[in-house]
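Me: Could you walk me through this model, one question at a time? I'd like the reasoning along with each answer.

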Amino acid sequence: MIALNRQANVLLLAVIGLAYIVLYGSTWLDMERVWRSSATYNHCYLILPICLYFFYRAKTPLITPSAAGYWLWLPALGLVLLQLIWLFGYAADIALLMHIAAVMSLQALLWLAFGNTNSRLHWFAIAYLIFLVPFGEELSPFLQNITADLTVVMLQAVSIPVYREGLYLATPVGLFEVAEACSGLRFLIASLAISALFAYLHYNKIWKQVSFVVFMALLSVLANGVRAFMLVYIGEKTDMRFGFGADHYLYGWLFFGLVLIAGFWLGAKFSDPTQQLERRSKQHFSLQTKPSMLILATAIIALTLSYRLSLNVMAEPAAIHNLAMPFASQPVEKSNWGINFINSLAQSHAQDTAGTEYFVARYGNKQQNGELINWQNNLFDKQRWQVQRRIIGADSAILQLRSLTNEQRTVLYWYQIDEQRVVPELEVKVRQALSYLADDQSSAYIFAVSVNGKASEQNLAVLQQAAALLSQTQTTTEQAVAGGQYD
């Protein structure tokens, strides 16, 4: 009977593995592409070998596994929630949600397959898999601002005059930009992975492990601010002869290396004594779960896969069509606006005789290539313009832009989903995802109008009139789509 149960478990695991690969295979390939293409996540290639090592040689708990208090219904419930998260991420084209769901689903399946006892023995190897997720890009703007704040404070502390405009810092010797590469994200993500490993090896108590990881994260952010300050300070004192050439990256990594060594040296001072550390031993990959739990996991994965295959993705047109404008307009010959929405199903960019520019683009809620909201689609040229003022209205938003050469431009825009005007981009994503999951084949739009100059009362009135004209495009476009003109 025991051998029969073992064979049934192995067969169920094979079925789960196959369903998991079919459902999440493309997600894992996308994660690997991120690891390969971004230096921030090159360390992810080391995570799986580290986890396999700790599966082979794990700490033996000082407490009995039965005292852990884990229940198998937790990973089963988590697996259901993770499938919903993955489906929403797939519908909304949010890769981070898909990556998190893929990795955490694997963790939940391992917990179910090993059972409570073995999962307790291998908890670190299972938990450490989370560092396979290429997370953190969303923190880059936040970290850039923190770096700029710290740099300004330290420059003022050493009596160097500095004027800050957004992420630009002007000093007597020149103009510095706290670019995305200067945010310190790369070092922060790598230090989190390394410090988690260090904490597991040197501490037994969870609170000490978590405290050390948080300490290293804060130290990394502070260290990046010091690094940025030192580069500006060196450039200031050497009239830009040093600090921003080939030595820029060398100096940065040497500095971060010293910070890591200092953090680990300090952390080692508080490590548990050797005799109190949990002993390490070889552990076995024995299956200690009930077949019913594996059957439940198989059903959850299979249902998600079946529902995913039932959803239709809007086909890409042979050519991008121009949307008709409901007013006398002319093609835009010269413009410094820089609005850019790629891979749309149809779009138009025109201007009237007064120079007011009109832009509209149509997207599917889910299409084979491209999406309405992503990092490549921009409401203005981010290399030229910075947002000086943002006014969020009930059904539209106004951006007042200014360039470094003191040019000004005003933009009024809104998104339209299911005949609803929407401004927040997150709400656009959510509405599109829900429409797609409900098998709604309607379209989503971006509408924008713009004039040169600041957001004066006169220009705002012009934009409101232009927006009223542009909204007529919605009716014209929907009639054309219904008639098959753009299919």
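What follows is a run of questions and replies on rings, strands, charges and one tryptophan.

Me: Before we start, what kind of model is this, and which pLDDT do side-chain atom pairs need?
Reply: Residues are numbered from 1 along each chain as its sequence is written, and side-chain values use heavy atoms, with hydrogens and water left out. This is a predicted model in which totals for chains, interfaces and linings use all residues, local features need pLDDT of at least 70, and side-chain atom pairs count only at pLDDT 80 or more.

Me: How are the rings of tryptophan 123 and phenylalanine 124 arranged?
Reply: Rings of Phe, Tyr and Trp (its six-membered ring) pair if their centres lie within 6.5 Å; planes under 30 degrees apart count as stacked, over 60 as edge-to-face and the rest as tilted. The structure holds 25 aromatic pairs. Here the centres are 5.9 Å apart and the planes of tryptophan 123 and phenylalanine 124 stand at 85°, so the pair is edge-to-face.

Me: Is phenylalanine 124 buried or exposed?
Reply: Buried means under 20% relative accessible area, exposed over 50%, and partly exposed in between (1.4 Å probe, protein chains only). Tryptophan 123 has 26%, so tryptophan 123 is partly exposed. Phenylalanine 124 has 5% relative accessibility, so phenylalanine 124 counts as buried.

Me: Which residues form one aromatic cluster?
Reply: Tryptophan 123 and phenylalanine 124 both belong to it. The full cluster is Tyr53, Phe54, Trp123, Phe124, Tyr128, Phe131 and Tyr200.

Me: Which ring does the charged end of arginine 421 sit over?
Reply: A charge sits over a ring if NZ of Lys or CZ of Arg is within 6 Å of the ring centre and within 35 degrees of the ring normal. Lysine 366 lies over the face of tyrosine 90, at 4.1 Å from the ring centre. For arginine 421, the charged end is 3.9 Å from the centre of the ring, and that ring belongs to tryptophan 414.

Me: Which strands stand at the edges of the open sheet E2-E3-E4?
Reply: Helices (H or I, at least four residues) and strands (E, at least two) are DSSP runs, numbered from the N terminus, and two strands pair if DSSP finds at least two bridges between them. This open sheet has three strands in the order E2-E3-E4, paired antiparallel. Two of them have a single partner strand each, so one side of each is left without a neighbour in the sheet: they are E2 (163–165) and E4 (174–177).

Me: Which helix packs on that sheet?
Reply: Contact means heavy atoms within 4.5 Å; axes are lines fitted to C-alpha atoms, for helices over the stretch in contact, and angles run from 0 to 180 degrees between N-to-C directions. E2 and E3 (residues 168–171) pair over three antiparallel bridges, with tyrosine 163 opposite alanine 170. The helix touches E2 and E3, and its direction makes about 165° with that of E2; this is H6 (residues 140–157).

Me: How many residues lie between E7 and E8 in their hairpin?
Reply: Six bridges join E7 to E8, which run antiparallel, and serine 348 has valine 360 as its bridge partner in E8. Glycine 355 in the turn has a positive phi of about 95°, and the count between the strands is five residues.

Me: How many residues apart in sequence are arginine 409 and glutamate 357?
Reply: A salt bridge is a side-chain nitrogen of Lys or Arg within 4 Å of a carboxyl oxygen of Asp or Glu, and the structure holds nine of them. Arginine 409 and glutamate 357 meet in one (3.4 Å, N to O), and both are buried. Arginine 409 lies in strand E11 (residues 408–417) and glutamate 357 in E8 (residues 357–364), so the pair ties together parts whose separation is 52 residues.

Me: Which helix holds both aspartate 30 and arginine 33?
Reply: Their side chains meet in a salt bridge at 2.9 Å, N to O. Aspartate 30 is partly exposed at 22%, and arginine 33 is partly exposed at 40%. The two are three residues apart, about one turn, in helix H1 (residues 2–37).

Me: How far apart in space are tryptophan 86 and leucine 23?
Reply: Tryptophan 86 lies in helix H3 (residues 73–92) and is buried, with a relative accessible area of 2%. Not counting residues up to four places away in sequence, the residues it touches include Leu23, Tyr24 and Arg308. Tryptophan 86 and leucine 23 are 63 residues apart in sequence, and C-alpha to C-alpha the distance is 9.9 Å.
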